[in-house]
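Student: I am new to this structure and would like to learn how to read it, one feature at a time. Could we look at it together?

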Protein chains: 2
Amino acid sequence: MAEAGSRTTDTRSRILDAAEVLFMENGFDGTSMRMITSRAEVNLAAVNYHFGTKELLIQEVFRRRLTSLNQARIAALEVLEVEAAGAPIKPSRIVDAFFGTALRMAADVEGGGHTFMRLLGRTYTEPSEFVRQFLAEEYAECVDRFLTALYRAVPEVDRKEILWRFHFMMGAMSYAIAGTDALQLVTGKFDDEDPSQLAPRLMSFLLGGLRAPLAEASLR
Amino acid sequence: MAEAGSRTTDTRSRILDAAEVLFMENGFDGTSMRMITSRAEVNLAAVNYHFGTKELLIQEVFRRRLTSLNQARIAALEVLEVEAAGAPIKPSRIVDAFFGTALRMAADVEGGGHTFMRLLGRTYTEPSEFVRQFLAEEYAECVDRFLTALYRAVPEVDRKEILWRFHFMMGAMSYAIAGTDALQLVTGKFDDEDPSQLAPRLMSFLLGGLRAPLAEASLR
DNA sequence: AATTCATTAAAACGTTTGTTTGAATCATAC
DNA sequence: GTATGATTCAAACAAACGTTTTAATGAATT
């Protein structure tokens, strides 16, 4: 049967969970099949049996969570659009629907959302060709809808400028989640005492950047 | 003789140049010694002869450029401090001394500065244990001086808040440089027609984030 | 011309890599 | 209980990995 759900947990899920953590910690190339199967406590051949190849396993690790994340983002955006009933939506609400949703997922430590968001963040700068294409497809619709919404929300700002700032916001968020270890060392000891403080602080920073006066070069 | 400088270029430098590009494109684990020596057109054993091990080669790739980058940053800061002559320095000037200096290095495409900054950006989220420790040492003094300067420039803002925002700014910049390929795909086609536009746009975004009103959670 | 030392060259070292194979085991259906 | 199909297992595969070794080459010194 395709359907599953044993008590301890499925072999498939155990592999995905183990791979998620190891990919986040060591990258794709730094994580061997044996590390994965050993952590998942399954036989070495199980990965190839259930997923085919390592590449397909990587794709499944992303698809498992990314699809629902982007669905949640779109759902949040649709709530805003219904509420607004044709009236313009505040940019801050749109930004929250996109980035806030991700940050809420990143706050879920026990469920693995935190691990996944860290993995996702580091993957943006580690773009194996096949993973890039996959991410692009997985993101296409969601990003498209949010950009459209932002264009409508801030019609007075050049669309190219909005694209740039969306880009910058993605960077700031990904780093805030994925790069904590690295910058912890760079900036000396950094109190991770209260990770729940990240979201409001980051949202405030993102909105500040979004609302910043335009650069001189972009006014020419 | 230790001194070198043949016409075409040194074996050592050819290895470093090749490694820099390949590490940026494929990561450390995704780049083999054979890929490096093949690209550099040197013998396979040359890397171990000149650098000892792969890890030491990685460190040298960073040290070669990072030391001078951080020296340039400190020099720019010292110019500001002398000019101010004890008076408070505008935060935007400090931010430019740190991030603008890096962006100017990233604008140097032919000299390899662009490649290196992309490598550096992706390394923050790919922190092999030994590379983290190395980066931390290499950055320590510079970051320390800039944080001190920022604390002095904006005494009314909580130091912890400044640390967070410095963190966010690092993220936005690293991504803007390192993550272009990935986000290019995520956000559809992105015009890299004029990479010189990046710097002013990003600086404006960073300053907007730095000046943003404090988050509610950080005011409690 | 002979010697010395740094560098380059080709070949091999033992591990580890992702993947495949064929038999053993399991649960379910007949 | 026997047959069926899915899953697990131990073992092996060729290929690629970082590193080492030993000999050949180069240019400078004596």
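Tutor: Keep in mind that this is a predicted model. Chain A is divided into domain 1, residues 1–52, and domain 2, residues 55–211.

Student: How many residues of domain 1 of chain A are in contact with domain 2 of chain A?

Tutor: Contact counts heavy atoms within 4.5 Å, and 18 residues of domain 1 of chain A are in contact with 18 residues of domain 2 of chain A. Between them the two domains bury about 1500 Å², with 70% of that area on carbon and sulfur atoms. On the domain 1 side, A:Glu20, A:Met24 and A:Phe28 lose the most area to domain 2, together making up 50% of what that side buries.

Student: Which residues are the closest to DNA strand C?

Tutor: DNA strand C is surrounded by 15 residues, of which the closest are A:Met33, A:Arg34, A:Lys54, B:Thr11 and B:His50. Of the strand's atoms that come within 4 Å of the protein, 49% belong to sugar and phosphate. The surface near the strand divides into 5 nonpolar, 7 polar and 3 charged residues, and helix H2 (33–40) of chain A and helix H3 (46–51) of chain B each supply at least two of its residues.

Student: Which part of DNA strand C does the side chain of A:Arg34 approach, a base or a phosphate?

Tutor: An N or O atom in the side chain of A:Arg34 is 2.9 Å from a base nitrogen of DNA strand C, whereas for A:Met33 a backbone N or O atom lies 2.9 Å from a phosphate oxygen of that strand.

Student: Where does UniProt place the "DNA-binding region" of chain A?

Tutor: The unreviewed UniProt entry places this feature at residues 32–51 of chain A, a span that is 70% helix and 0% strand.

Technical notes. Residues are numbered from 1 along each chain as its sequence is written. Chains are lettered from A and ligands numbered from 1 in the order in which they are written. This is a predicted model: local features need pLDDT of at least 70, side-chain atom pairs count only at pLDDT 80 or more; totals for chains, interfaces and linings use all residues. Side-chain values use heavy atoms; hydrogens and water are left out. A residue is near a molecule or strand if one of its heavy atoms lies within 4 Å of it. A polar contact is a pair of N or O atoms within 3.5 Å; within protein, one must be able to donate a hydrogen and the other to accept it, and residues adjacent in sequence count only if both atoms are side-chain atoms. Helices (H or I, at least four residues) and strands (E, at least two) are DSSP runs, numbered from the N terminus. Ala, Val, Leu, Ile, Met, Phe, Trp, Tyr, Cys and Pro count as nonpolar, Asp, Glu, Lys and Arg as charged, and the others, Gly among them, as polar. UniProt positions are given in the numbering used here, feature names are shortened, and annotations may be inferred rather than shown by experiment. Domain bounds come from an automatic or database domain assignment. Buried area is the accessible area (1.4 Å probe) that two parts lose on being put together, summed over both.
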